[in-house]
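Trainee: Could you take me through one part of this model closely? I would like to look at the metal site, and then at whatever else in the fold is worth describing.

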Amino acid sequence: MTASVRILTTSSVDSNPAILLVEPDGSKILINCGEGSQRSFLDSQQRVSTVKAVCLTHLSYESIGGLPGMILTASDVQNATIENAKAAAAAKVRKSNNSTQLLPPFPTDTAQGLNVFGPEGTNSFLKSLRHFMRRDSFRLNVHEGLVEGIRVCLPKTRKRKSGQPVSEGAFFSVKSFPFVERRIGDRKRSRTLPERKTLSYLFWTPRFPGKFMANEAKRLGVPKGPMYGMLKSGNSVTFSDASGEQRTVTSNQTVQPDSPGIGVAVLRYPEDFFEEQLLVFFKQMTMKRVISSVGVELEIAIHIASRSSFGDKIARQWRDEFPSTVQHLLLDTDISADSHGTPFRSAAHGALCRSLVCPDLYVQVREPNTLRRPYGPELARAGSEFVLLPRGKVGFSDFVDYNIDDGKEKARTLVKDSGASTLAKELLAECALCVNESFSGELFFTGTGSAIPCKHRNVSGICLTSPNGNSILLDVGEGTVGQLLRANSGPTSSTLAHIKAVWISHPHADHHLGILRLLHDRKAPDPLLLMCPSPIISFLTEYCSMDSDLSSAYVAVNCNDLIRENAKASFLLKEALGIDSSFAVPVTHCPYSFGLILEGTCFGKLVYSGDCRPSSQLAKCALGADLLIHEATFEDGMEVEAALKRHSTIGEALSVGMEMKAKCVVLTHFSQRYPKVPPTPVNHEGSIPVIFAFDFMRLSPSNLVMASKVTPAIRLLYPEESEGRQGAETEAESIMAIPGLFAQSELL
Ligand SMILES: [Zn+2]
Ligand SMILES: [Zn+2]
């Protein structure tokens, strides 16, 4: 029987603290689900579908930014599992050639849904998601505020062939500790921020039963058989011994005493460092209160806190109350140190390799030169694991830190051995002179994959920066801000304020879940111009009623109002970005889907399709475009699939480009079927330069030709892609394989 606590992610520019508690049956409890949680799962070879419960310490993008996506994936995996199981059962019946045989009953534990624990307001947040996503067949069991002694994951109902239920082993129960943070806001503006309700948690297992001593039972003359079972379950037995005398043996004589269960505490300190808040927190969260009445041995206490709060004298005194055997671990909430680097290692490795091939086009991620361990052994590292069971192995398991220098060396070797650099030099020989040194604006791709954030490609996000340094985001999928901050290009944390406008093409979750973090972190005096479809406006209005800080952070313009000239948007775009005009064109995908035409950008007339079927209307309205960015979810030959899911194939995207007489086409939004490199077009005469987008690709008006020529060299980096994919992508693929998913209006 094994159980453990793992640190899934820590605070960094592209991740937030998240913890995994793994039960003996493999069920996982996720504590906080910030943006990128699904990517972290894929990167560490784990399955999102094994998460059976999510516990939130507070409600903010740091803890819930990845929750909508997690719910969608968990629900889709559940549906896929049910469909597969039904198909398998039907096939079995067909094989047995007995048409009268009934289908076997469907195992109910595959349709368990997800338990969600969180502070007051969790229900309202989940309800607000209905504006853009619906999963009616997926159960969310929400427990708000105080809970005492609830089992965290629903019990499995698996049975053995004999019909006996499978023994459950240890499982975790949970008790929550609500706390109200009274936050003090901007003193200059003399305002007080609203209260924030937070939760700390104690998780524990039941007491462990003592071991049955068969030898002792034998010595006492107990006959083998059912009486052993009675003794094990705590009863006494009476029997006739060899001399015919009646004897009674009690359970205590043959079973070792039971031992206390194990406990894990997750303690969320008040966010801002105000001594009086910490004092109140520590007074409430006494050791006695944390574990009283539960009767457990606390093995580990994870403190979600800033370093200054954790290191404060009163915090240390408070921790001294805990038994000395408790392991304390700090999950630092301060992202500015970024001492851990990115948790998305696969994506960072890919970006590094591409940047070694062509640094003008591909940006490598920004990481600390050497990963430091600046705060002693108590500082939690992403990927580290604390074993809870078996009891003989309690403690940290061996953990090897990622070594940035080794990673760089590996990338250099791969690039050299692949021949990609040599080929790139040949391909780009005549382009070298085109490169312009001065900044004349750029397009930066933060996410070029579709549907769900995966290891190598994040979901949709493009940052168009004008020569004056101000930017507009074309879609803002989950993790977009993290990708921007992680890149050695585009805005830095101090310049998120330079993002002046956001365009959201349609209400699918892979195009807008990053908006909450942007609104929260942008911190600019001028509100963001948010051009988005009406369901997103409704969602944000409802969300802001829970987080009123954000309501003044944006000015919304409905995409529908951009079909004709919109004075407000035109004025703001001209003033902030120098863009002459902006128009929305309705396209065929899901309800409220729009393409965008921007005139007067640094690329000239720029068109962004969003997700759509090939659109003659878009081609007509944007005739003669200088640059078309078009979705190309599927490879050529998958036209039926593309039509069914209301997306485009590569060939269809290029034909829109031809019809539009576009001067250059950038393809993006590739299905996660193609995790690393997009497929090659089957028939493309080459009359238009075609650029394949990768995450962390940077295009400038002067390097478009270069970008259109370099792809064959990049393909050399991924020879395995043509040999089929495996492993961690399977879950993403199984979801992609469901016909119509992510494109059916009744689902999303
Ligand atoms: Zn999409
Ligand atoms: Zn879509």
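Mentor: What follows starts at the two zinc ions and then moves on to the aromatic pairs and one helix. The model is predicted.

Start with the zinc ion (ligand 1). Its protein donors are Asp-510 through OD, His-511 through NE2, Asp-611 through OD and His-669 through NE2, at 2.1 to 2.2 Å. Along the chain these donors follow the spacing D-H-x99-D-x57-H. The arrangement is irregular, because the angles subtended by the four donor atoms run from 88 to 165°, and a tetrahedral site would need all angles between 85 and 135 degrees. Asp-611 belongs to the loop between β25 (604–608) and α19 (616–621), and His-669 to the loop between β27 (665–668) and β28 (690–692), so this pair ties together parts that are 58 residues apart in sequence. Asp-611 is buried, with a relative accessible area of 2%. His-669 is also buried, and its relative accessible area is 2%.

Asp-611 leads to the second metal. The zinc ion (ligand 2) lies 3.4 Å from the zinc ion (ligand 1), and Asp-611 bridges them. The donors of the zinc ion (ligand 2) are His-506 (NE2), His-508 (ND1), His-589 (NE2) and Asp-611 (OD), at 2.2 to 2.3 Å. Their spacing along the chain reads H-x1-H-x80-H-x21-D. Here the four donor atoms subtend angles of 88 to 166°, so this arrangement is irregular too. His-506 sits in the loop between β20 (499–503) and α16 (515–522), while His-589 sits in the loop between β23 (581–586) and β24 (594–601); the pair therefore ties together parts that are 83 residues apart in sequence. Both of these histidines, His-506 and His-589, are buried.

Now the aromatic side chains. Searching the whole structure gives 17 aromatic pairs. One of them is Phe-282 with Trp-318, a stacked pair with 4.4 Å between the ring centres and 25° between the planes. The two residues come from distant parts of the chain: Phe-282 is in helix α8 (residues 275–284) and Trp-318 in helix α11 (residues 313–320), 36 residues apart. Phe-282 is buried at 6% relative accessible area, and Trp-318 counts as buried at 3%. Both belong to a cluster linked by ring pairs, in which the other members are Phe-179, Tyr-269, Phe-281 and Phe-322.

Charges also sit over rings. Arg-319 lies over the face of Phe-310, 3.6 Å from the ring centre. The charged end of Arg-39 is placed over the ring of Phe-344, at 4.9 Å from its centre.

Last, helix α12 (residues 345–357). Its 13 residues should span 18 Å at 1.5 Å a residue, and the end C-alpha atoms are 19 Å apart, which agrees. Of the 13 residues, 11 are buried, so α12 is largely enclosed by the rest of the structure. Among the buried residues are Arg-345, Gly-350, Leu-352, Cys-353, Arg-354 and Val-357. The buried residues of α12 pack against α1 (37–43), α13 (404–418), α14 (420–427) and α23 (711–715).

How values were computed
Residues are numbered from 1 along each chain as its sequence is written. Chains are lettered from A and ligands numbered from 1 in the order in which they are written. This is a predicted model: local features need pLDDT of at least 70, side-chain atom pairs count only at pLDDT 80 or more; totals for chains, interfaces and linings use all residues. Side-chain values use heavy atoms; hydrogens and water are left out. Donors are N, O and S atoms within 2.8 Å of the metal (3.2 Å for Na, K and Ca); water is not among the atoms, so sites may look incomplete. Four donors count as tetrahedral if all angles lie between 85 and 135 degrees; four count as square planar and six as octahedral if opposite donors are over 155 degrees apart and all others between 65 and 115; anything else is irregular. Helices (H or I, at least four residues) and strands (E, at least two) are DSSP runs, numbered from the N terminus. Buried means under 20% relative accessible area, exposed over 50%, partly exposed in between (1.4 Å probe, protein chains only). Rings of Phe, Tyr and Trp (its six-membered ring) pair if their centres lie within 6.5 Å; planes under 30 degrees apart count as stacked, over 60 as edge-to-face and the rest as tilted. A charge sits over a ring if NZ of Lys or CZ of Arg is within 6 Å of the ring centre and within 35 degrees of the ring normal. The expected span of a helix is 1.5 Å times one less than its number of residues. Contact means heavy atoms within 4.5 Å.
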